[in-house]
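Trainee: Could you take me through one part of this model up close? I would like to understand how its buried residues and aromatic rings are arranged.

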Number of protein chains: 2
Amino acid sequence: MSDMTFDHKECGSCPIRHRAVCARCEADELEELDAIKYYRSYEAGQPIVWSGDRMDFVASVVTGVASLSQAMEDGRTQMVGLLLPSDFLGRPGRDAAPYDVVAVSNLTLCCFRRKPFEQMMLRTPHVSQRLLEMTLDELDAAREWMLILGRKTAREKIASLLAIIARREASLELTTAGDGMDFELPLTREAMADYLGLTLETVSRQISALKRDGVITLEGKRKVVIPDFDRLQIETGDDTDGGLMI
Amino acid sequence: MSDMTFDHKECGSCPIRHRAVCARCEADELEELDAIKYYRSYEAGQPIVWSGDRMDFVASVVTGVASLSQAMEDGRTQMVGLLLPSDFLGRPGRDAAPYDVVAVSNLTLCCFRRKPFEQMMLRTPHVSQRLLEMTLDELDAAREWMLILGRKTAREKIASLLAIIARREASLELTTAGDGMDFELPLTREAMADYLGLTLETVSRQISALKRDGVITLEGKRKVVIPDFDRLQIETGDDTDGGLMI
DNA sequence: CTGGCGCATTGACCCAGATCAAGAATTGCG
DNA sequence: CGCAATTCTTGATCTGGGTCAATGCGCCAG
């Protein structure tokens, strides 16, 4: 784990984490946030915190992917959160991390020291209001995910995950060039299995099946092409009217 | 659905929903909440709102149990939230309900009209801070639940649900008379199945198995006695160190 | 008391996905 | 470039929980 320093200009070029923390911040509040923030980067596979560890920062994902997961003693693990760029990590007002947090790919976090951040929250109501909005969105995502875990078939699970990632990808890049989306899968088969409550073999088989049926195309093992997003959407088993943006 | 009126005194006798909404309210804020609140009661099985319906109130559960659930077109349904007394229902800042909400047992809600409630949130920061705390707790519960749905066996699922209800029950009554807890199951076998991502037959079989193995005792079909909570805890598959309070 | 209705239990059978076991394809590194 | 370590794919087999179907148990109405 290495500390990185971004100068002020560079920070200006990654507005994501400020927008994430506070969509309505005034200049002087941004200044205040700048004073308590620092960047940190992790390599793929590196743990960030273990469940129960003291966590003295909150953070916003700048680049890369991180996962939150819960493990049982016998090794079964379930991913319970997937953090993509602009997502918020950490929990104001709580000392210990409730989950294992791992960098899934190379990752850069924009961290804010927790205590001063909490004090700022008390003073500036729209920061906590913004955080409330984000948390409610996360709760919606978690509930969508519960439907996936509890009631969908393996094929529907895979299709749902691909659709979620594709939508996220599209919303960040804003390059929804018609249909024909494509993206790099940020997860290994094993991570996908942990996300979906499956085994990695089943994930692999179902991806092969979707490929065989022409729902997706693979370039290499990680690059996914979705020729017809509506077709993928049907495979998810969800109502056709779109569902929640995650 | 019938409107009920509670007089001010009776309202004073059910402090739950005020505490739930705002642990730190001052007298005049409570006054203000009183002005926009009304009680509403529902019978077991009655729908409260359907997914997509406009929802012009937020509420706090006074008595009874309600469920949030998501349904797929083909009838598969997954419960994604279980609201017990003191829990909060609704979502400031969102017009349409994202889930079906149903009264599982006879239910009384303490409702607040949404618009004035939202305005109050903007003015009194600790209301939104309290709501943020509650939402973060709900998110923790949802994530605990994701582990249950994704990775636990049917027996562990049932044990987990019983432990969750027993803990909730105990925390409200504050009558943890040593071990030997007992409580009335507020859910039908079908509702338990929807909670756990199982079928009602499997729920029934696993309850019978836990009874046969002496982990629980049944009096009638709904009254559960837990002679040894630690034993039940072991059956959940969780770490022994307690886990999250839900 | 009796029939009907809504839950709950139990049994018999089956299948989607887990498990176990080889390999194949990539990736990385000396 | 070659060898090892990862990561992924595919096959064979097994099994937990789903499905279908019958039966039991209260409970209320007549």
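Mentor: Happy to! Let us settle one term before we look: a residue counts as buried when its relative accessible area is under 20%. Keep in mind, too, that this is a predicted model.

Let us begin with a helix. In α7 of chain B, the buried residues are B:Ala191, B:Met192, B:Ala193, B:Asp194, B:Tyr195 and B:Leu196. That makes six of the eight residues in this helix, which spans residues 189-196, so it is mostly covered. Just after α7(B) comes B:Gly197, with a positive phi near 70°.

Now for the aromatic rings. Over all chains, the structure holds six aromatic pairs. One of them joins A:Phe112 and A:Phe117, with 5.7 Å from centre to centre and 40° between the planes, and it is classed as tilted. A:Phe112 has a relative accessible area of 0%, so it is buried. A:Phe117 is buried as well, at 1%. Chain B offers another pair, B:Phe88 with B:Phe117: the ring centres are 6.2 Å apart and the planes meet at 35°, so this pair is tilted. B:Phe88 sits in strand β7 (residues 88-89) of chain B, while B:Phe117 belongs to helix α4 (residues 114-123) of that chain, so their pairing ties together parts 29 residues apart in sequence. Both B:Phe88 and B:Phe117 are buried. Back in chain A, ring pairs link A:Phe88, A:Phe112 and A:Phe117 into a cluster.

What about the nonpolar residues in general? In soluble globular proteins, nonpolar side chains tend to be buried together. Here the largest nonpolar core has 117 residues, and the members touching the most others are A:Ile48, A:Leu109, B:Ile48, B:Leu109, B:Ile158 and B:Ile216. A separate core of 32 residues includes A:Ile36, A:Leu132, B:Val58 and B:Met134. To see what surrounds one residue of the largest core, follow B:Ile48: leaving aside neighbours within four places in sequence, its contacts are B:Tyr42, B:Phe57, B:Ala66, B:Val101, B:Val102, B:Ala103, B:Leu107 and B:Leu109.

One last stop is B:Ala141, in helix α5 (residues 125-151) of chain B. Its relative accessibility is 16%, so B:Ala141 counts as buried under the 20% cut-off. Between the C-alpha atoms of B:Ala141 and B:Gly81 there are 9.0 Å, although these two residues are 60 residues apart along the chain.

Notes
Residues numbered from 1 in each chain as written. Chains lettered and ligands numbered in written order. Predicted model: local features only at pLDDT ≥ 70, side-chain atom pairs only at ≥ 80, totals over all residues. Heavy atoms only, no water. Core = buried A, V, L, I, M, F, W, Y, C linked by side-chain atoms within 4.5 Å. Buried < 20%, exposed > 50% of the residue type's maximum accessible area, 1.4 Å probe, protein only. Contact = heavy atoms within 4.5 Å. Helix = DSSP H or I, 4+ residues; strand = E, 2+ residues; numbered from the N terminus. Phe/Tyr/Trp six-rings, centres within 6.5 Å; stacked < 30°, edge-to-face > 60°.
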